[in-house]
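Please look over the sequence and the model below. The report after them starts from one local detail and then widens out.

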Amino acid sequence: MMVSMWIMADRGRRQALVLILCLIELSAVAGQARYSIPEEQAEGSFVGNIARDLGLDVTRLISGKARIITKGGRQYVDLNKDKGILVIKERIDREELCGKTTPCSFSFEVILENPIQLYRVTVEVTDINDNSPSFPKDEIILKIAESVASGTRFSLESADDADVGFNDIQRYGLKPSDHFKVEVQNQSDGGRFVEMVLQNPLDREKEETHSLVLIASDGGEPRRSGTVRIHITVLDANDNAPVCSQPVYKAEVKENSPEGTVITTVSANDADKGANGEVTYSIAHVVKETKQLFEVNVQTGEIKVTGKLDFEKSKTYQLNVQASDHGGYSDTCKVVIQITDENDNVPTIQLMSFSNSISEDSPPGTTIAVLNVDDEDSDGNGAVKCSINSDVPFKIESSLTGYYTIVTEDFLDRESNPEYNLTITVSDQGSPPLSSSKNINVQVSDVNDSPPKFDHSEYTKTVAENNSPGLSVFTVSANDADWGQNARVSYFLQERDINGLAVSSLVSVNSDTGVIHAVKSFDYEQIKWFEFNVTVRDAGSPPLSSVAIVKIIVQDQNDNAPQVLYPVQTGGSLVAEMVPRSAEVGYLVTKVVAVDVDSGQNAWLSYKLQKATDRALFEVGLQNGEIRTIRQVTDKDAVKQRLTVIVEDNGQPSRSATVIVNVAVADSFPEVLSEFTELTHDKEYNDNLTFYLVFALAVVSFLFITCLVVIISVKIYRWRQSRILYHSNLPVIPYYPPRYSDTLGSATLPHVYNYEVCRTTDSRKSDVKYMQPMSQSLVSVDGAGDDVPQVDKQLSVNCSQMSTLQKPPNNDWRFTQGQRPGPSGATGGPEVAMGTGPWPQPPTEAEQLQALMAAANEVSEATATLGPGTMGLSTRYSPQFTLQHVPDYRQNVYIPGSTATLTSNPQQQQATAQQATQQALPPPQASAQPEPPKAAQTPASKKKSTKKEKK
C-alpha cells in the first residue's frame, strides 16, 4: 500500500508528531489508504491513484462495480473507475468540515463486488490562508481610572481566524503606543487572550480620551489582518480590581441537557465600595459556537445551557468568564465544562451490497448481502451487536469493524421454500439499550433439478374400432416441480414399430397439452392392441424427462358382414347340388359355410332359409348351415329347386349375407343338363354407359359451338377491315424496287427505298393529306429534320419549301441497256440518253412502278390549279420528291433514291436538259434516241384505269 500525502511547510513539532502517529496507525491496518489535499480544490482535481495504492487493476474496479460509500454525510470525493483515481467531487471547506479541529480529515469506504472487497480511505484536508482575522466588535470602549498604575493589564476581546496553524493569528499590534502596549497570553489548552498593558500613567486633566487601533495579523501567505478601534475614557480613581474566587472552575453536564440547565456559578470580589465595588460577569475570548451553547448571568455569574449539547461533536468546552467593576478593573477566570455521553443514538443499518435473488444450487457460504452498522455513541453506548432470525438457512458474519456479511448456511431448495424473509436486528449496550431492525426478502431462483412426473406410470385406454381420424383418445398429464421455463413441459412420442407400422402413423400427441389423437381409423381385425411410450420433457437447460407407457386396446365393432365360403358364387357358370329322388327325410343336400372376421358375439352366425322354390322340401340348420330334406322327395317335385339362404351375425346391429343354392332333383346328370340349359342369366348393365354417352354429347356440342363462334368472328373481322379500307382517305401503295448500280461501278445502293403515295379520294378539291409513316424511321419530305407528326402544315408553306429544296439530277446517273428497268431482252446502245430507253413488256416490279406513277398523276391533276406543289410522299432515305410537273406515267420513269427522271417525251427531255444546264451540271453524253413506243398496259394497270374512270 502506498500512501500519498501532500505536506506544506513545517508547522512545528505538533504537526510532525501528528504525522508520525498517522503513519504508524496506517501501517498497522490492512486495506486502507490515506491522502492529503488542500482545501478549496476545484471539482475534478486529482486526489490520489487508488488503484495503484491499493494494488488493484483498473479492470478489477470496473468488473467489481467499485463505488464509494459514505456514512450519511456529503460525498466530497468521487471515483473514476476508468482511470482508477480519486478526484474532487465537491469543493471542500476545511473550516466548515472541521472548524478548529486539527488535523482535519474525513473517511469513506470503497467497496468492490464479485468477490466483495472493502477498503477504507482517509483524506486529510490541509488548511490554506483563505480567512482574515476578525474581531467580534468593530469598536471597543474602555473606561480607565487615572489612578491606575503603570503595568496594569486590560483584557481585550481577541480576534478570531477560522484558519488553523500557521494561517491562524500569529501576532497583535497596537497603534499608537504612547501609553499602552499589547501582550498575548497563551493558555494551556492552546487558546490565547489579548491584554493591553499600561506603560505610562494616565492624566485625565491632560487627555481625557484615547483612541487606539488593535491589529491582528496571521502568518499565511499572503498575510491577512483584521483591526478594531479602541476608545478609552479616563475616569477618576478606582484603585481596586475584582478578583475571582478561583482561577479555574470545572463542571460536568450531560449531553442533551435541556436549555436553562445551570452548570456552575463563578464569583469575584471587589474591595471597593459603592459603585466601584459592583462586579458584572461576561464570557470573553471564546468562539461563536461556544457562545451559542452557554451564557452567564451578568449579576450572579451563573452559567447555563442555551443550546443543544452533543457529546459526539465535542466532549469539552472552556469558557473565559470576565469579572469587571464599573471602574474599569476586571479579572478573568476559566471554566472547563466536561460533556458526559448519553445513549441517545439508535444504531443504524445500511446495506452496502444486496442480491435479492440467489440460485438454489448456490453452495453454503455464498454471500448475499454486505451491511454496515454504526452507532454514534461512545464506549458501551456505541458497542453494537448484529443478528438475524434463526429460522432461515443463513448466518451473519463480521468482516471489518462495523461491517457484516450475510451468507448461506446450508443448501437451498426452491421447491420447498421459494423465498425467505430475513430480519436484521442491531442493538447497542447502553442503558437502556437501543436497537433497530431491517427486513430484506431473498428470492430463491430456480434451477432445473426436478424432472417432470406423469400422474401415472402406465395408462390403458379402450378405443372402439372404426374411429374417425383425429379422435381425441385421452390425455396424459405430467407436472414439474420447477418454476418458469424449467416447469414448461412438452410431450413426445417415442418412435417404434407396431406390426410393421410406425407408432406415429397410428397416434399422435399434442406437445403442449398431452392430448393423444388417433391418426387413422383403427381396425380390430388388423391390430387388437398396441403399446407405446410417451416422453415428457421440460424446457430447462439441460432438459429433464420421464417416460410413461400407454396401452391402447382396440374394441371390436360389428363392421364386417358374414362371408360365404361355400357354395362359391360364380357369375359365369351355374353350380347345382343333386338330390336323388330316392332321398330320404333328413338327406344332407349341402352345407353353407360362412365366416365372420369379427370376434365375440359379432362373429356368431345363424342360418335361415329366406326363399325357396318349395319350402316344404328343404330346411337349413340354424347353427351349422346344413341343408337337409324335411320330407320324402317325390316325382312331382320340380327338378330345379332354388334356395336363398341368409347368414346373419349376432352383432348390434346385425349384418347378413345371402347365398343362392341351386338344387337339382334328379337321378342322372343328363337329366340335369337338359333342364338347366334353358336357364338364362340376368344381364348386367354397366352403370357408366349413360355417363359416357352424356359426356360424348357435351364434347361434341362444345366443339360445334366453338367452331361456329370462330367462323362468325373471322367474318366480322374481315367485314370490319373491308369497311376501314373503303372509308379510308389515304390508300397506301407500297413499292420495293430492286437494287441498281451506277455506271462507274463504284458501289451499289446500300438501301432499299420505300415509297408511299397518299392522296385524297376526291382529288378535285385541290388539297393534299399526309399520312403518318408506318415506322419512326420515315422522314417527311417537307423538311429534313422534322418529325412525322409535324407535317400538318399549310400547303403554301410546304410547296415553297419543296420547291426550294429541289435537287438537280445526278450527273453520274448512267444506265446501260442491261441496267435499265425492263425485260432482260431489251436492247439499246451503251450510250443511250437518259430517259430514251425502250419500255417493252415490264416485269412485275415495273407494274408496281407504273401503279405508283398512276397515283402520282392523279395527285398532279388535283394540284394543277395550285401551281407548284408538293406530293404527299414519305421516303425512307431520300429527303425530297417534287411533283412540280408530273408527266404521264407511261412516258416517265422515276428512279428510286434519285431525283433523276427517265422520260421518252422530247419536250420533257429538253426541259430537263435546260434545267441541268442552269444548275451547272455536265450534260449527258448519250445522243438523242427516237421516241420508244409506249409501254403496254398490264392487266393490273388496266383495272386501275377502269376504276379511275368510274370514279
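Which backbone nitrogen lies 3.0 Å from a polar atom of the side chain of Asp375? The backbone nitrogen of Asp377 does. The model is predicted.

## Asp375 and its surroundings

Asp375 sits in a loop. Strand 26 (367–374) comes before that loop, and helix 6 (379–382) follows. The relative accessible area of Asp375 is 8%. Buried means under 20%, so Asp375 counts as buried.

Beyond its neighbours within four places in sequence, Asp375 is in contact with Asn345, Pro347, Asn381, Gly382, Val384 and Asp428.

## A four-stranded sheet

One open sheet has 4 strands, in the order 44-51-50-47. The pairing is mixed. Strand 44 (576–579) and strand 47 (605–612) form the edges. Each has a single partner strand, so one side of each lacks a neighbour in the sheet. On average, neighbouring strands of this sheet are turned by 35° against each other, direction ignored.

Strands of a sheet pair through backbone hydrogen bonds. Strand 50 (residues 640–649) and strand 51 (residues 656–665) run antiparallel, joined by 9 bridges. Within this pair, Lys640 stands opposite Ala664 in strand 51.

## The whole protein

The protein has 951 residues, and 39% of them are buried. It holds 12 helices and 56 strands. Take the contacts between residues at least 6 apart in sequence: 66% join residues at least 24 apart.

The exposed surface of the protein is about 52,500 Å². Carbon and sulfur atoms supply 51% of that area.

Definitions and conventions. Residues numbered from 1 in each chain as written. Predicted model: local features only at pLDDT ≥ 70, side-chain atom pairs only at ≥ 80, totals over all residues. Heavy atoms only, no water. Pairing = 2+ DSSP bridges. Helix = DSSP H or I, 4+ residues; strand = E, 2+ residues; numbered from the N terminus. Axes fitted to C-alpha atoms, helices over the stretch in contact; angles between N-to-C directions. Buried < 20%, exposed > 50% of the residue type's maximum accessible area, 1.4 Å probe, protein only. Polar contact = N/O pair within 3.5 Å; in protein donor to acceptor, adjacent residues only side chain to side chain. Contact = heavy atoms within 4.5 Å. Areas by Shrake-Rupley, 256 points an atom, 1.4 Å probe, with all protein chains shown as cover.
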